Amino acid sequence: KPEWRRHRNREYDARRRREKPWRRLYATPRWRALRDAQLEAEPLCLRCKAANRLTPATVAHHKKPHKGDEVLFFDPNNVTSSCADCHDTIEQGIEARGYERGCDVNGRPIDPDHPWNRKAGGSA
């Protein structure tokens with residue numbers, strides 16, 4: 001790698017460690033064991049499987065964002081199997097927005113957490 005890229009990556013990594021110190025939990029043997037157990041128990045991406053695609057799962061995704069809460073982080077009931085594509089696009093998008101995109105046949109958002117479904121007086 002060119003020197004400038006290595007330097008930029010080091011800065012990025014240092015900033016992430018400062019801003020999200022809980023990221024260290026992903027390097028623990030306890031997380032690795034939980035991740036491996038999840039992917040062994042459910043080796044296919046559940047989102048792809050629901051769409052009739054058989055895609056190997058490579059990520060143990062936290063269903064409920066843990067935000068550093070170690071109990072939630074290591075809760076085996078809070079992880080699910082996902083492929084990298086679904087995790088990096090769909091799951092991360094849901095976490096950033098707070099709801100899943102998508103509408104029913106009438107054009108109404110399907111996710112109960114969508115702002116349309118939460119607004120006062122709105123019909124859901």
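## Aromatic pairs and helix H5

The structure holds four aromatic pairs. The model is a predicted one, and its protein chain averages a pLDDT of 84, with 90% of the residues scoring at least 70.

**Exercise 1. Classify the geometry of the pair formed by Tyr26 and Phe73, and place both residues in the chain.**

Step 1. A pair of aromatic rings is described by the distance of the centres and the angle of the planes. For Tyr26 and Phe73 the centres are 4.9 Å apart and the planes stand at 70°, and because planes over 60 degrees apart count as edge-to-face, this pair is edge-to-face.

Step 2. The pair links distant parts of the chain, since Tyr26 sits in the loop between helix H1 (3–19) and helix H2 (29–41), whereas Phe73 belongs to helix H4 (residues 70–73), 47 residues apart.

Step 3. Buried means under 20% relative accessible area and exposed means over 50%. Tyr26, at 28% relative accessibility, therefore counts as partly exposed, while Phe73, with a relative accessible area of 0%, is buried.

**Exercise 2. Work out how the rings of Trp31 and Phe73 are arranged, and what else belongs to their aromatic cluster.**

Step 1. The ring centres of Trp31 and Phe73 lie 5.0 Å apart with their planes at 55°, so the pair is tilted.

Step 2. This pair, too, links distant parts of the chain, with Trp31 in helix H2 and Phe73 in helix H4, 42 residues apart. Both Trp31 and Phe73 are buried.

Step 3. One aromatic cluster is formed by Tyr26, Trp31, Phe73 and Phe74. Over the face of Phe74 lies Arg30, at 4.0 Å from the ring centre.

Step 4. For the confidence of the helices named so far, H2 has the highest in the protein chain, at a mean of 97, and H1 the lowest, at 73.

**Exercise 3. Describe helix H5 from its span to its surroundings, and state what follows it.**

Step 1. Helix H5 (residues 84–97) has 14 residues and reaches 19 Å from its first C-alpha to its last, which is close to the 20 Å expected at 1.5 Å a residue.

Step 2. At Glu91, H5 bends by about 25°, and Glu91 is also one of the buried residues of the helix, the others being Cys86, His87, Gly93 and Ile94.

Step 3. The cover over these buried residues includes helix H3 (46–50), strand E1 (59–62) and strand E2 (79–82).

Step 4. After H5 comes Gly98, whose phi is positive, near 95°.

Technical notes:
Residues numbered from 1 in each chain as written. Predicted model: local features only at pLDDT ≥ 70, side-chain atom pairs only at ≥ 80, totals over all residues. Heavy atoms only, no water. Helix = DSSP H or I, 4+ residues; strand = E, 2+ residues; numbered from the N terminus. Expected span 1.5 Å × (residues − 1). Bend = angle between axes of the 7 residues up to and from the residue. Buried < 20%, exposed > 50% of the residue type's maximum accessible area, 1.4 Å probe, protein only. Contact = heavy atoms within 4.5 Å. Phe/Tyr/Trp six-rings, centres within 6.5 Å; stacked < 30°, edge-to-face > 60°. Lys NZ or Arg CZ within 6 Å of the ring centre and 35° of its normal. pLDDT = per-residue confidence, 0-100.
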